[in-house]
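Visitor: I am new to this structure and would like a close look at a single part of it. Could you take me through one helix and then its surroundings?

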Amino acid sequence: MTRYSLPDKMFISTLQYTHTRNLFLISMSIVYTFAFASLYWQQAGLYSDNGVLPLRLQIQQQEKVKPFIVKLATLFHWTPYRIMECILLISILLSSSMILFKCLRTSVTFAILWLAYYSCFQIAGQFLYFQWDTLLLEAGFLTILVAPMRILYLKRKQVEDFLYQDRITLWLIRWLAFRLLFASGIVKLTGGDKTWWALTATTFHYQSQCIPTPLAYYAHHTPIWLHKLSTALVYMFMSGTGILFFSPFRLHRIIAFIIQSSLQILIALTGNYNFFNFLTIIVCFGLIDDRFLGYSQWESVDGDEHKRKRSFSWIITLFRRLIHLFILITYIYLTIRWFGIHLDKKRQIIITNITFTRAQFDLFLKRFLPVCLFLAWCSLVFTIGRSVFISIRRPTKIYAKIFHALVTITYGILAMSLFFVSMVPFTVIERQTSKALPYELQSWYNKFQDYHVFNAYGLFRSMTGVDGRPELIIEGAISTKNPKWKEYEFFYKPGSLSTAPPFVAPHQPRLDWQMWFAALSHYQHEPWLAFFLYRLLTNQREVLRLIQMNPFPTTPPKQIRVLLYRYNFTTPPSKDYWQRELINQEWFPTITLESQWFMSYIEQLNVTQIDKPLSNSIVLDIIRSISDLMNGTIFTWFPVVIALVFLVLRKLLCTKPHKPIVMKRDNEWYQPLSSKDKDN
């Protein structure tokens, strides 16, 4: 019989989540750093007094609710812009320090980061209102619960890095990942878009998405049959594996994590979605455990590697494998049947077509969504019960049992409350299920709706750019008579036909993104665009920093026009990446500073040029001048890279070799292995 050293305590599970929690917290610190650094680099051009969307306009529109930044500005007798600038810089410093120092990764510091991002979100208007911004707010709120509930996470050497509520808090992260991914797959069909139903959406997606990557150019030119097959697999991977999130079998959850993470990596390689794909992978960390990360739980004292098998253990193993095989066969069968996948021997291609109707799909969703909610509820109840049992069984002293049990029960009640309220935005994908929810849940959701701790998700409900990618091109001229038009070039959005699509992530160029949305709309619905054109007419330095090339560096243009083109990828081999066709030569009326209708609109909204400088701050101005030396992508990476370099150096130079604690098995109860190296 294998012999182990005697532990004083008992524990029920072979799985731990300590390192999973630490990985989640350090990853969230990285995402926060990306988000704050990217926004800081663009702040002057977007939100200064002479920016595209000055903060004073946002403040005027929120007279009923006083934003947090305005309250701070009143308290410190400073301008809201300067307060926002300080918040961004302090948040960058704090989040990057949290990457390096584990003691800073606590509920208090993550609450500070959440409040900082929410305060910016609250006042920043449409430039910050994307699904990944609301996802960061919800994930950031849950991170406050995942992190240790203390000011500084200072741990004595003899005390192991273990929290009884880890299973519960990481389950909430898993539930968020399920809602995000399941809904993102389902809405593509509930939206009724013809391209998604025909499985041809990706034949347009790679070129019509906001900012393609270089790989998107080649993905666009893959055969149509491969596009249709990949779209069908996206449905099955994104939504079909969602049910595995709540499986009692660890293997199913690990497979779901690998599938979802691989899918996000492929999406990131073909499209620039800032920190969104990384954040999606992070919320999938709720599916894994320490064993998956390579941390063993026990080590034997003697060299005997053969353990005495319990009676009938082979029957249990066989039963589990049969379940795994049944689920695999069922998944493959449903994929082939629902999407009619078969081989066309004549053309040597795989044929893929949806075999169900819209009515059949609606009926399936009506029946399946309540099943998902029930399974999720059962999974949460089991997780809470197991955590409470561990908190009672593991401590040796009676007061420790009572304390940890009360804390774990509190977390369980909170998790159950968050689960029920979050069903309100999640069930919008199916009306009948949404209507069946109690009214009290809707009431509670309405109370917290403005804080975005519960959100509805679903990207690319409908496919744009089916006839070609609409793209706005801004041109200026130095004279009004016989004008010679010159084109403004942006950093990332398509413009020059020979410029290859870039890799931008995790930076989000918010002006480029809004230009993409504007091309899909009408200029009367995009008032910020008029402000942007006015800044170009005055050669406003802060705004010009957001674009790559100003054709009028010395003298501002006399007039500006906006043209609407239809862009398409060229067919390789070609020296150009894009080809374009003019659709509307006057998408926005040609304007000058003498255009009465235009200037009256600018004056009415109080966007006219302000010559009064900002309040002096030598430190803030120096930091801003340093950031001006880098482009947005480099500056977004800069604090994260610096923190990771120091982290690696500290690991190499200061960490002692890991010596695992040896454990004993006694009456089938286990004590999880503690790690000596708890720095990160």
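Guide: What follows looks at one helix, then at a strand beside it, and then at the whole protein.

This is a predicted model, in which local features need pLDDT of at least 70 and side-chain atom pairs count only at pLDDT 80 or more, while totals for chains, interfaces and linings use all residues. Residues are numbered from 1 along each chain as its sequence is written, and side-chain values use heavy atoms, with hydrogens and water left out.

The part I have chosen is helix α22, residues 596-604, whose buried residues are F598, M599 and I602; buried means under 20% relative accessible area, exposed over 50% and partly exposed in between, with a 1.4 Å probe and protein chains only. These three cover an arc of only 90° around the axis, and therefore they sit on the same side of α22, the arc being that of the directions from the helix axis to the C-beta atoms. An α-helix has 3.6 residues a turn, so residues three or four places apart point the same way. On the face turned away from the buried side, α22 carries the exposed residues Q596 and Q604. Helices (H or I, at least four residues) and strands (E, at least two) are DSSP runs, numbered from the N terminus.

The buried residues of α22 pack against α20 (527-537) and β8 (578-592), where a contact means heavy atoms within 4.5 Å. Just after α22, N606 takes a positive phi of about 60°.

Strand β8 leads on to the aromatic rings, of which there are 62 pairs in the count; rings of Phe, Tyr and Trp (its six-membered ring) pair if their centres lie within 6.5 Å, and planes under 30 degrees apart count as stacked, over 60 as edge-to-face and the rest as tilted. Y567 and W578 form an edge-to-face pair, at 5.8 Å centre to centre and with 65° between the planes. Because Y567 lies in strand β7 (residues 559-569) and W578 in strand β8, the pair ties together parts that are 11 residues apart in sequence. Both Y567 and W578 are buried.

As for the whole, the secondary structure of the protein comes to 24 helices and 8 strands. Buried residues make up 54% of its 680 residues, and, among contacts with a separation of 6 or more, 79% are accounted for by residues 24 or more positions apart.
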